[in-house]
Structure formats: structure tokens, C-alpha cells
Amino acid sequence: LKISTSMKTDIIGEAAKIIEDNPVVFDEEFLLDILKVRFRWPKKSIEVISNFGNISADFFDGRYDSIIFDKWYELYGRGFTTMLNNCLDIHPDMRRLETLLLHYIGEMPTGNIYMSSGTTVNRPSFDLHQHEYNVVSTSIYGTTKWILNPENQFSKPLDIKSGDQVIIPANTPHACVDAPEKRCSLTICLG
């Protein structure tokens, strides 16, 4: 049995509704505090997007492969975007959402946080890219500007504010192109 595109779209739409109906609420102070728990964050669990678009992990100690918070915070303070990977366990709202999505879709979702102190100088995220899976990105706080499927002549930049949700179907080119203020988004990967 092959699932039709429309059925997949319905599943993603319902998953997005579950995410919308169960908001994740926290602030920058919570994130900065949890990042001080050194051994929760091994290499690859936190990554910074460099101005070349590469992943940087140059803020881990060599002995335990744990985060050196002050070294990471210097990059964060300069506006570089940080990804907290596979982190649906760090907050009660996120754990509840993970369980609800597991019960709906029948597989464990992956959740990542994208956060920055804001920048008009540094790269706000990755260049235009796409994934083989569906993505639902929800703004927790701050504002950003996104582009989706720019090859489409009717596509216009999207201004995203706190609480807004961006649903990105699999294989859809997209990018966050502007993040001038403190911002955090929760990205759920589905399928």
C-alpha cells in the first residue's frame, strides 16, 4: 500500500495542528541555564552555523567532549545561530509534545532548537536547502524572515513572529534569511 501525497499532507497538517494546540513556552534565560548542564550536551548535540555555512563545534573540551559554556556564549553573543539537536527532552512542554506526536504518527519525532541573539551581520541560518522529510517550525520568540520555494513565481518572503508556524513539505527549498533580534524556533522533523 502506497500512501498518497494527499494523505501524507493530511498527516503533516494534523501533526502541525497538534504542535499549534500544544505551545512550547520558555524564554532565553531557560535555554541559557540548561546549556550550562555540561554533560547533557556532547558533541553534535550543539552546533553553531558559521558565516561560511559550516557547522562549528569549536566550543567543546577535548577531554570529556562537553560544552565549554563561556566559549559557546561568545559566539552566541555575536549573533551566530546555534542548533540544539534532538532536544525534545529539555522542557516539560516539549516532552508532552513529543508524546502526543508519537501517539499520532506512530514514530518518535525529532526536534531541534534554532536560537540566536539576533544579527544583521552574521549568517542567520543555512543557505537555501531542502530535506527528504517534512518540517514544522514554530517560532517560540523573536522574529525572522523566511523564503520557501523561491523558484515559484508567486512565492514571497514570510515574516515570522512568535507563535507563527512554518510547514515545509519534504523536498521544498527553504531558508531563514533574516533574524535581526533574539529568536528561538522549535523545528519538528516528520516522516
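Arg-123 is buried, its relative accessible area being 16%. Across from Arg-123 in a salt bridge is Asp-127, at 2.5 Å from N to O, and Asp-127 is exposed at 51%. All of this comes from a predicted model, which holds 8 salt bridges and 8 aromatic pairs. Here's a quick tour of both, plus a couple of charges parked over rings.

**Salt bridges**

- The Asp-127 to Arg-123 bridge brings together an exposed acid and a buried base. Asp-127 gets the exposed label because its 51% is over the 50% cut-off, while Arg-123 is called buried because 16% falls under 20%.
- Asp-159 and Lys-145 also pair up through their side chains, with 2.8 Å between N and O. This one joins distant parts of the chain: Asp-159 belongs to strand β7 (residues 158-160) and Lys-145 to strand β6 (residues 144-148), 14 residues apart.
- On accessibility, Asp-159 is exposed at 56%, whereas Lys-145 is partly exposed at 27%.
- Lys-182 meets Glu-28 in another salt bridge, again listed at 2.8 Å, N to O. Here the two partners are 154 residues apart, with Lys-182 in the loop between β9 (174-178) and β10 (183-190) and Glu-28 in helix α2 (residues 28-34).
- Which end of that bridge is buried, and which is partly exposed? Glu-28 is the buried one, with a relative accessible area of 15%, and Lys-182 is partly exposed at 42%.

**Aromatic rings in helix α3**

- Two numbers do the describing for any ring pair: how far apart the centres are, and the angle between the planes.
- Phe-69 and Trp-72 make a tilted pair, 5.5 Å centre to centre with 50° between the planes. Why are these two rings about one helical turn apart? They sit 3 residues apart in helix α3 (residues 69-77), so about one turn separates them.
- Both partners are tucked away: Phe-69 is buried with a relative accessible area of 16%, and Trp-72 is buried at 0%.
- Phe-69 also pairs with Tyr-73, and this time the planes are at 20° and the centres 5.7 Å apart, so the pair counts as stacked. That label follows because 20° is under the 30 degrees limit for stacking.
- Phe-69 and Tyr-73 are 4 residues apart in helix α3, which again puts about one helical turn between them. Unlike buried Phe-69, Tyr-73 is partly exposed, with a relative accessible area of 37%.
- Zooming out, ring pairs tie Phe-69, Trp-72, Tyr-73 and Tyr-76 into a cluster.

**Charges over rings**

- Phe-69 has company beyond its ring partners: Lys-36 lies over the face of Phe-69, 5.2 Å from the ring centre.
- Arg-40 does something similar with Trp-41, its charged end sitting over the ring at 4.2 Å from the centre.

**Picking out the threads**

- Phe-69 turns up in several places: in the tilted pair with Trp-72, in the stacked pair with Tyr-73, and under Lys-36.
- Two of the salt bridges covered here link distant parts of the chain, namely Lys-182 with Glu-28 and Asp-159 with Lys-145.

Notes
Residues numbered from 1 in each chain as written. Predicted model: local features only at pLDDT ≥ 70, side-chain atom pairs only at ≥ 80, totals over all residues. Heavy atoms only, no water. Phe/Tyr/Trp six-rings, centres within 6.5 Å; stacked < 30°, edge-to-face > 60°. Buried < 20%, exposed > 50% of the residue type's maximum accessible area, 1.4 Å probe, protein only. Lys NZ or Arg CZ within 6 Å of the ring centre and 35° of its normal. Salt bridge = Lys/Arg side-chain N within 4 Å of Asp/Glu carboxyl O.
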